[in-house]
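Reader: Could you take me through one part of this model up close, the second largest pocket and what lines it? Once that's done, feel free to wander on to whatever else is worth a look.

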Amino acid sequence: MESNTSGSNTFSWPDVDWRELRRLRARFLAFDGEIVADVSRDYWESESAMGSYDFTFAERIGWKWDTVLAELQARGWSPPRGAALDWGCGTGVAGRRVVAAWPDEIGQLRLLDQSASARDFAMRRCREDFPHLDVAPARPGAAPALLIISHVLNELSSAALERLIAAIKSAEAVLWVEPGTFAASRKLITARETLASQFHIIAPCTHAARCGMLAAGNERHWCHHFAKIPGFVHVDPGWSRFATEMEIDVSTLPFSYLVLDRRSWPFASAPELSRVIGGPRLYKGFAKILNCQSDGVRELTLQKRDAPDLFKSLKKAPGSLYRWERDGDKIRGGAQLF
């Protein structure tokens, strides 16, 4: 039987090391779904571990990035030209997704990770996918045009988080994606408030005001969204086995994110737009929506009889970004933008 090289873009399901995936999952997941990590040593113990992770768990992270990047492209945003830095790159999926979205803007990709083996793996994978791209380890203190951050918050000590915030302050733009957990979201909100005076907030917020999640009464909520899952996942026997082995529901994938830019952009603040938090909750004849807009985070109600086509679209293909026609907390109509 032919065997593929771990970490290659020809990696396939027969190459997956299930024992390594179970070890990694057990290492990162603790009670209540909180992610913890002992960062005192390199937990990437083998090429097999990195290749298997990149093909499965990292690919799921890639779907989150695909969702974020597709909206930014649809809305006309693009990163500043120059060097991008993938901070805490792991196997490099975030950097690869960003380069694929904007190959003309990303002239260089620099990789930074506490694990030299993971960084080297990420370089090899990126060079396979983009052979003409300038890919290299990051130089200490270098200020990137674009800072890419993916799934690092729950592994950072206070000191490491301070270093990350300092790196963000040196960048021109920031793309940041985290898990869609309560803890990760709340940490990202804290970072947003710290950085809001220095950057335009591009997404997910439609306004530059204080985060509505911080208002009294919203303590139990968190800012999260759902990635678009590729259709083939639901019929692929490999992903079916992955779901069983890892005890994961592959049909749903929550995430939190933040996009910042020092440059002015026409839609950096669009207070007439609304961001749906999570997804609409559908009942017989009406829907409840946790809505973020310039007037805060609050629950809105849509009666099916008021806008039957809109109600149907919420049921069939709910979006994340809308322009509502509102009467107080009641939605009378609207249009899905993304």
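Author: Sorted by class, the lining of the second largest pocket comes out as 13 nonpolar, three polar and two charged residues. Bear in mind that this is a predicted model. The pocket itself has a volume of about 360 Å³. There are 18 residues in its lining, and the ones closest to the centre are Leu 85, Ala 138, Arg 139, Gly 141 and Ala 142. As for who supplies the wall, the elements giving two or more residues are β1 (82–87), β2 (106–112) and α6 (158–169). Of the contributors, β1 gives the most, with four residues.

Now, if you follow the chain towards α6, you pass a residue with a backbone worth checking. His 151 sits in the loop between β4 (146–150) and α6. Its phi is near 55°, which is a positive value in a residue other than glycine. Is His 151 buried or exposed? Its relative accessibility is 18%, and buried means under 20%, so His 151 counts as buried.

Glu 247 makes a good partner for that one. Its phi is also near 55°, again positive in a residue that isn't glycine. You'll find Glu 247 in the loop between α8 (237–246) and β8. The surroundings are another story: with 71% relative accessibility, and the cut-off for exposed being over 50%, Glu 247 counts as exposed.

From pockets to enclosed space, then. The structure holds one cavity of 30 Å³ or more, and the largest cavity contains about 190 Å³ of space. Its lining has 17 residues, and nearest the centre are Ile 189, Pro 204, Cys 205, Cys 211 and Cys 223. Two elements give two or more residues to that lining, α7 and β8 (254–261). Here α7 gives the most, with four residues. By class, the cavity lining splits into 12 nonpolar, three polar and two charged residues.

Pro 204 deserves a second glance, since you've just met it by the cavity centre. The peptide bond joining Ala 203 and Pro 204 is cis, with omega at about 0°. Pro 204 itself is in the loop between β6 (200–203) and β7 (225–226). If you're setting this model up for calculations, that's the bond to look at when you check omega values.

Back to α7, the main giver to that cavity lining. This helix covers residues 182–195, and Ala 183 is found in it. Ala 183 has a relative accessibility of 17%, which is under the 20% cut-off, so Ala 183 counts as buried. If you want a distance to check in your viewer, try Ala 183 and Leu 156: C-alpha to C-alpha they are 13 Å apart in space, with their positions 27 residues apart in sequence.

Last stop, a pair of helices. The axes of α2 (residues 47–55) and α5 (residues 116–129) come within 11 Å and cross at roughly 55°. How are α2 and α5 set to each other? An angle of 35 to 65 degrees falls outside the parallel and perpendicular ranges, so α2 and α5 are oblique to each other. The crossing of α2 and α5 is right-handed.

Key: Residues numbered from 1 in each chain as written. Predicted model: local features only at pLDDT ≥ 70, side-chain atom pairs only at ≥ 80, totals over all residues. Heavy atoms only, no water. 1 Å grid on protein atoms, 1.4 Å probe; cavity = no way out; pocket = protein on both sides within 12 Å on 5 of 7 lines; lining within 4 Å. Points joined across faces, edges and corners; volume = space filled by probe spheres on them. Nonpolar A, V, L, I, M, F, W, Y, C, P; charged D, E, K, R; others polar. Buried < 20%, exposed > 50% of the residue type's maximum accessible area, 1.4 Å probe, protein only. Axes fitted to C-alpha atoms, helices over the stretch in contact; angles between N-to-C directions. Parallel < 35°, antiparallel > 145°, perpendicular 65-115°, else oblique. Left-handed = near helix turned anticlockwise from the far one by under 90°.
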